[in-house]
Amino acid sequence: MTWEGHFRVPTPPPERSSLIGTYGSNHDTDLYHIDATRRRRHAAVWIDASGMLSMTANVGVSSGRVVGPNVPVADGRWHHVAAVFQRGSGGAQVTFSIKVDHVEYALLTSVAGLVPLFEDSFKRAIAAAADTTADHISTILEDGYVKPLRAVRVHCSINVPAENADTMRSRLSTVPWVGGVVAKNIMNTPRMYNAIPTGPDTVVVTSQMTLPLVRVVGNARLYVDGFPGVGTVTYAPIVDNIGMDGQLVVGGGHKGRAISCEVSRFRLWSVALAPAQLQKLRGCVLPSLPSLVGGPWPHGLQASYALNGTRADAAGTGFEALQSVSGGRFIVGGSCSADRCPRTSPHGCLLVAGRELRFNSVDQCESFARFVHCRVAGSSRGRPAALTGCAAPLA
């Protein structure tokens, strides 16, 4: 899957917001409680108060962060931004399971707040042993009771860059104190005694840790003007829908906080586009789909929003038109508009897409634009001479 489009941000937002993402304006909290989920599932490209971009995702058991190239995009110029999500390659998970003895699963799950407390204690212990952070660790709990021993079995996954997976597996296999750290963390959490049936005198221990295994999953990447970001997002959505906890919002909208932003030629793809393909999409004209992705829909392009006076999907795939949620409106201009000057001279004359010349006044800018229009285009555009300036002396 790929989200890509052209964005112009005149000034940075006062606080972090989303440039593109499913962390939209329909909720005002970081927590989401449907389906017993304690986190707001999302994927988003963020823009911070310095104008820098970053990218995160926590759908399924995804985790990580990519920081965009070290160039602020809030500079009043047009930038091509692409978020690329790839399933099945590029990322890795190290998985194992371990039993936590003398903790009763029935008590753990029946007392409010104990499961999150147990998981947090467990994740902090594993993070210390694996030299990572708890954000990259996911757990699934099950009853490990085998008479006469009460126990909880924890299935654990640690997200890592694919190139670091073997190192992580070796570390977990050779660190003998993994179980000891887990048990110590749980014993040092007083409320956990509510899940220990024989009381605080019982010592929590761990046993039956399985050999860590490596599973190949996906990753997510961020590109700005063709340059890749730095960092890793392990993309493993499993059964989660990337938009299940919020709408896809384009051009700002995190927690209802809109940003000053212009958007042009925004598209959704069902394939993970390669850098060479993204390079072709930076132009003003959509490349031939057969040469780019093998053919028209359903080969890859799912929605195409030119945003040139309409919010409708121009790809003809049945996607609904975009809705304005923050008072958005259409304005004259854009990165591919070369037949008129911007309204203020500091922006210069956009003569060729991505190139501009600066003038001291609007009059000079418009005069030069008329000159280029006459010499390069002549009357081929079919515009009356009085409008092009070709019939009168040029200033």
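About 19600 Å² of the protein is exposed, and 55% of that area comes from carbon and sulfur atoms. These values, like the rest below, come from a predicted model. Turning from the surface to the inside, 44% of the 395 residues in the protein count as buried. As for the make-up of the fold, the secondary structure adds up to 8 helices and 17 strands. Contacts across the chain were looked at too: of those with a separation of 6 or more, 66% link residues that sit 24 or more positions apart.

Strand β1, which covers residues 2-8, makes a handy place to zoom in. All 7 of its 7 residues are buried, so β1 is largely enclosed by the rest of the structure. In a regular strand, side chains alternate between the two faces of the sheet. In β1, Thr2, Glu4, His6 and Arg8 point one way, while Trp3, Gly5 and Phe7 point the other way. Both sets are buried, with under 20% relative accessible area as the cut-off.

Which strands does β1 pair with? One is strand β14 (residues 262-269), which runs antiparallel to β1 and is joined to it by 6 bridges. Within that pairing, Thr2 of β1 has Trp269 of β14 as its bridge partner. Another is strand β6 (residues 78-101), again antiparallel to β1, this time with 7 bridges. Here Arg8 of β1 is matched with Trp78 of β6 as its bridge partner. Put together, β1 has bridges to β14 and to β6, and its residues are buried whichever way they point.

Methods: Residues are numbered from 1 along each chain as its sequence is written. This is a predicted model: local features need pLDDT of at least 70, side-chain atom pairs count only at pLDDT 80 or more; totals for chains, interfaces and linings use all residues. Side-chain values use heavy atoms; hydrogens and water are left out. Helices (H or I, at least four residues) and strands (E, at least two) are DSSP runs, numbered from the N terminus. Buried means under 20% relative accessible area, exposed over 50%, partly exposed in between (1.4 Å probe, protein chains only). Contact means heavy atoms within 4.5 Å. Accessible areas come from the Shrake-Rupley method with a 1.4 Å probe; for residues, only the protein chains shown count as cover. Two strands pair if DSSP finds at least two bridges between them.
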